[in-house]
Amino acid sequence: MFDTVINLLETGFAWIQSNYIIWTLLKIVVITLPLITAVAFYTYFERKVIGAMQIRIGPNRVGPLGLIQPFADVFKLLLKELILPAKANRFLFVLAPVITLAPAFAAWAVIPFNDFLVLADVDAGLLYILALTSLGVYGVIIAGWASNSKYAFLGAMRSAAQSVSYEISMGLSLVGVLILAGTLNLREIVLAQQGGVFDWYWLPLLPLFVIYMISGLAETNRAPFDVAEGESEIVAGFHVEYSGAAFSVFFLAEYANMILISGLTAILFAGGWLSPFEGVPVLGDTFLAEGSILWFLAKTVVFMFMFLWYRATFPRYRYDQIMRLGWKVFIPITLVWVMFAAVLTVFGIVVKGA
Amino acid sequence: MIVQQIIFYAFALVMVLAATMVITVRNPVYAALYLVLTFFSAAAIWMLLEAEFLAIILVVVYVGAVMVLFLFVVMMLDINMVPLKEGFIRNLPVALLVAAAMAVELLMVIWSKSRFGVDLFPVPPPTPAGHSNTQALGELLYTNYLLPFEVAGVVLLVAIIAAIALTLRKRTGIKIQDPARQVRARRDESVRLVKMKSEKPQGG
């Protein structure tokens with residue numbers, strides 16, 4: 001009896017593995033479900049962290065320590081009425097949140113969690129990421145335009161200009177990484193950083209690392225660059241007309257994007273799944289010195305925490321100063337440092353994989 | 001192979017339909033969005049041709065940057081279609097003539113069997129698994145085609161500078177911040193400490 005069940009399970013598993021489409025769909029589910037859960041708890045984490053920084057308690061009513069709070073929020077949003085503004089463009093109005101969310105999830109297809117856990121180990125992984133992160137801005141523009149509202153439209157215009165500007169400095173920081181690594185494949189980029197914490201690319205590419213993180217803030221419209229929704233100026237920006245489930249999708253996309261940028265920072269500048277103690281003789285062969293998915297997740301959480309830290313620390317930038325910072329400060333610095341990265345590679349000062 | 005053909009025809013159909021919509025819809029914002037869809041389908045077809053670098057760059061550059069700015073402008077402009085359509089009938093004969101000339105030129109290329117045709121361009125052998133499209137392109141661009149590549153770069157640079165020079169204008173009578181001057185500001189330039197005797201209480 002027991003044997004037959006095991007046998008049945010094994011044949012079933014073998015059949016699933018042999019069926020390419022079902023096996024890939026399963027992998028996608030295995031990546032997206034934890035991601036959505038992570039987004040839900042990221043909102044809780046944010047409220048707790050910012051609460052602690054402002055000497056408040058944060059959510060503590062729903063469930064033990066307030067842990068059920070994100071689910072309460074989700075159900076509240078889903079059960080609310082979806083309001084369609086008069087003369088809004090119905091089709092685009094509904095499409096916009098989906099366009100914002102889809103790239104934030106699709107980009108995870110090429111993220112390597114460790115040496116072999118990756119959905120699509122493609123050669124042009126970094127380019128794919130660049131292409132997908134540049135698509136998210138369409139959701140914002142279309143939402144602003146389709147809402148038939150001036151506040152929403154102003155927010156969308158601000159956000160579009162800001163995203164396009166900071167994409168350039170972000171892309172140039174990536175160019176620095178790919179010059180040092182010599183590949184566009186994210187898995188190989190991590191492998192090129194082997195050798196412990198000082199071999200990761202944050203050190204030789206320190207300015208690019210800082211610029212990448214700041215541009216990531218601007219790309220995801222987070223404080224201090226959240227003028228796209230600046231409550232004090234344009235109510236809530238591009239999603240002011242959205243309610244209920246449609247609004248929650250925008251919310252989901254913003255947090256999914258933050259997690260994505262954190263994960264990418266971990267992969268490109270902080271050695272991905274590699275251990276920071278690699279090559280330390282005392283630790284030897286213990287799990288501390290070995291690369292594993294736990295290191296990748298830990299690094300991602302550290303960068304995710306930084307997003308919240310910045311929000312609690314810095315006041316909002318003025319719009320003209322945001323544009324000035326992007327174009328006149330970041331782009332020149334990245335251009336110079338890309339040259340410097342080329343010098344580092346040509347003269348063998350930074351050797352990959354050592 | 002059959003899957004590839006289904007994908008190709010699906011994207012080709014979407015692309016042709018979207019491209020038709022670009023020139024037929026009345027709303028310019030819709031037209032721009034259909035153009036985005038056209039680019040995206042074209043990128044997918046390039047991907048089928050194993051030109052992944054070009055496909056992704058098409059999405060990054062045209063969809064991600066150029067069309068965003070294009071939409072930006074189209075949405076900001078309050079385009080009134082009536083004056084645009086004014087001379088339509090009057091200019092129609094000239095337009096038809098130009099269209100006919102272009103159609104004839106296109107047909108001449110397509111019909112000339114010696115230069116154009118499926119049998120002239122055999123299917124290239126599929127590239128091996130480890131082949132890096134990006135690396136191959138980079139090697140060609142920076143060795144064989146270095147000069148044209150650099151010239152193209154210079155032409156683009158000239159275009160950038162020209163565009164900036166055309167739109168740059170000095171306006172008087174407005175308040176402008178000079179960040180460099182703000183950063184240079186020192187305490188003793190704006191703060192003056194004055195020593196003065198303490199005043200006596202009134203009526204004391």
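Mentor: Before we begin, a pocket here is an open set of grid points with protein on both sides within 12 Å along at least five of seven lines, and a residue lines the pocket if it has an atom within 4 Å of a point. Please keep in mind that this is a predicted model.

Trainee: What makes up the lining of the second largest pocket, and which helix supplies the largest share of it?

Mentor: The largest share comes from helix 2 of chain B, which supplies six residues. The lining draws on both chains, since helix 2 (20-53) and helix 5 of chain A, together with helix 1 (2-24), helix 2 (28-48) and helix 3 (52-76) of chain B, each give at least two residues.

Trainee: What is the volume of the second largest pocket, and which residues lie closest to its centre?

Mentor: The volume of the second largest pocket is about 2,100 Å³. Of its 46 lining residues, the closest to the centre are A44(B), M47(B), L48(B), L49(B) and E50(B). By class, the lining holds 35 nonpolar, six polar and five charged residues.

Trainee: Staying with helix 2 of chain B, why does A32(B) count as buried?

Mentor: A32(B), which is found in helix 2 of chain B, has a relative accessibility of 3%. The word buried is used for values under 20%, and therefore A32(B), at 3%, counts as buried.

Trainee: Which residues are in contact with A32(B), once its neighbours within four places in sequence are left aside?

Mentor: They are M67(B), F70(B) and L71(B), where a contact requires heavy atoms within 4.5 Å. For F70(B), which stands 38 residues from A32(B) along the chain, the C-alpha atoms of the two residues are separated by 7.4 Å.

Trainee: Why is chain B called more spread out than a compact globule?

Mentor: The globule rule gives 17 Å for the 204 residues of chain B, whereas the radius of gyration of the chain is 30 Å, which is well over that value, and so chain B is described as more spread out than a compact globule. Along its principal axes, the C-alpha trace of chain B spans about 110 × 55 × 35 Å. The chain comes to nine helices and zero strands, and 17% of its 204 residues are buried. Its exposed area is about 17,200 Å², of which carbon and sulfur atoms supply 70%.

Trainee: How do you know that the radius of gyration of chain A agrees with a compact globule?

Mentor: The same kind of reasoning applies: with 354 residues, a compact globule would have a radius of gyration near 20 Å, and chain A has 22 Å, so the value agrees. The C-alpha trace of chain A spans about 70 × 65 × 45 Å along its principal axes. Chain A has twelve helices and zero strands, and buried residues make up 49% of its 354 residues.

Trainee: How do the contacts in chain A divide by separation along the sequence?

Mentor: Among the contacts in chain A with a separation of 6 or more, residues 24 or more positions apart account for 77%. For chain B, the corresponding share is 51%.

Trainee: What makes an empty space a cavity, and how many cavities of 30 Å³ or more does the count come to?

Mentor: A cavity is a set of points where a 1.4 Å probe fits but cannot get out, and the count comes to three cavities of 30 Å³ or more. About 340 Å³ of space lies in the largest cavity, which is lined by 24 residues, with T100(A), E219(A), T220(A), N221(A) and N257(A) nearest its centre. Helix 10 of chain A gives the most to that lining, with six residues.

Trainee: How do the lining residues of the largest cavity divide into nonpolar, polar and charged?

Mentor: The lining of the largest cavity divides into eleven nonpolar, nine polar and four charged residues. The second largest cavity, with a volume of about 50 Å³, has eight nonpolar, one polar and no charged residues in its lining. Among its lining residues are L126(A), I129(A), L130(A), T133(A) and Y212(A). Since Thr falls outside the nonpolar and charged lists, and the others count as polar, T133(A) is the polar residue of this lining. Helix 5 of chain A supplies the largest share of this lining, four residues.

Notes
Residues numbered from 1 in each chain as written. Chains lettered and ligands numbered in written order. Predicted model: local features only at pLDDT ≥ 70, side-chain atom pairs only at ≥ 80, totals over all residues. Heavy atoms only, no water. 1 Å grid on protein atoms, 1.4 Å probe; cavity = no way out; pocket = protein on both sides within 12 Å on 5 of 7 lines; lining within 4 Å. Points joined across faces, edges and corners; volume = space filled by probe spheres on them. Rg over C-alpha atoms; globule rule 2.2 N^0.38 Å. Buried < 20%, exposed > 50% of the residue type's maximum accessible area, 1.4 Å probe, protein only. Areas by Shrake-Rupley, 256 points an atom, 1.4 Å probe, with all protein chains shown as cover.
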